[in-house]
Amino acid sequence: MKDLILELVVKFSESEAPIETGITLLVDGFLVSGFIISKDKFMENNFITSSIDEGIRDYLSKNQKNEPLDNGERNFIHLRDAKYYAPGQPPIPENEAIFCRIALEKISGFNLGILQSS
């Protein structure tokens, strides 16, 4: 079940004045830490995702029947500068940070703020 507070935090990242909040998530036994970004910013980051997003937007603009694109529900969280942490292991990746997309229903806990190893 999705956490409504977390869903609201995701919505804040997609507002007109987006808030990129640091967050640490518990997902299937891993800690994932990074900064929440909007879906649009996530999609722009990679050639493949930006091409997919452009194709979806083109299709919808040609076939939309005055229905709103956004029903207000959020199903994913998008992170920049993300790192994965497992017990007793260095963060993955060690040498860089990545963009990631995680289903909100897979998140079993969260903490506002990023996790940093020493």
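**Strand pairing and nonpolar core of the predicted model**

In strand E4, Arg 101 is the bridge partner of His 78, and this pairing belongs to the antiparallel association of E3 with E4, which extends over 5 bridges. The structure described here is a predicted model, and the residue numbers used below start from 1 along the chain as its sequence is written. Arg 101 also takes part in a contact of another kind, in that its charged end sits over the ring of Phe 76, 3.8 Å from the ring centre. Pairs between aromatic rings, by contrast, are absent, the count under the rule applied being 0.

The protein contains 3 helices and 5 strands, which follow one another along the sequence in the pattern α-β-β-α-α-β-β-β. Strands E1 and E2 run antiparallel and are joined by 6 bridges; they form a hairpin with 2 residues between them, and Asp 28, which lies in the turn, has a positive phi of about 50°. Within this hairpin, Gly 22 is placed opposite Phe 35 of E2. Strand E2 is in turn joined to E3 by 6 bridges, again in the antiparallel sense. Phe 35 takes part in this second pairing as well, with Arg 80 of E3 as its bridge partner, while the neighbouring position, Ile 36, is bridged to Leu 79 of E3.

Leu 79 is also among the residues with the most contacts inside the largest nonpolar core, a set of 15 residues in which Leu 6, Ile 23, Leu 25, Ile 77, Ile 102 and Ile 107 are likewise listed for their contacts. At least two residues of this core are supplied by each of helix H1 (4–13) and the strands E1 (22–27), E2 (30–37), E3 (76–85) and E4 (98–103). The surroundings of Leu 6 illustrate how the core is assembled: when residues up to four places away in sequence are not counted, Leu 6 touches Ile 23, Leu 25, Ile 77, Leu 104, Ile 107 and Phe 110.

For the protein as a whole, 30% of the 118 residues count as buried. The accessible surface comes to about 8,000 Å², and 55% of this area belongs to carbon and sulfur atoms. Among the contacts in the protein with a separation of 6 or more, 67% are accounted for by residues 24 or more positions apart. The pairing of E2 (30–37) with E3 (76–85) joins segments that are separated in this way along the chain.

How values were computed: This is a predicted model: local features need pLDDT of at least 70, side-chain atom pairs count only at pLDDT 80 or more; totals for chains, interfaces and linings use all residues. Side-chain values use heavy atoms; hydrogens and water are left out. Rings of Phe, Tyr and Trp (its six-membered ring) pair if their centres lie within 6.5 Å; planes under 30 degrees apart count as stacked, over 60 as edge-to-face and the rest as tilted. A charge sits over a ring if NZ of Lys or CZ of Arg is within 6 Å of the ring centre and within 35 degrees of the ring normal. Helices (H or I, at least four residues) and strands (E, at least two) are DSSP runs, numbered from the N terminus. Buried means under 20% relative accessible area, exposed over 50%, partly exposed in between (1.4 Å probe, protein chains only). Contact means heavy atoms within 4.5 Å. Accessible areas come from the Shrake-Rupley method with a 1.4 Å probe; for residues, only the protein chains shown count as cover. A nonpolar core is a set of buried Ala, Val, Leu, Ile, Met, Phe, Trp, Tyr and Cys residues joined through side-chain atoms within 4.5 Å. Two strands pair if DSSP finds at least two bridges between them.
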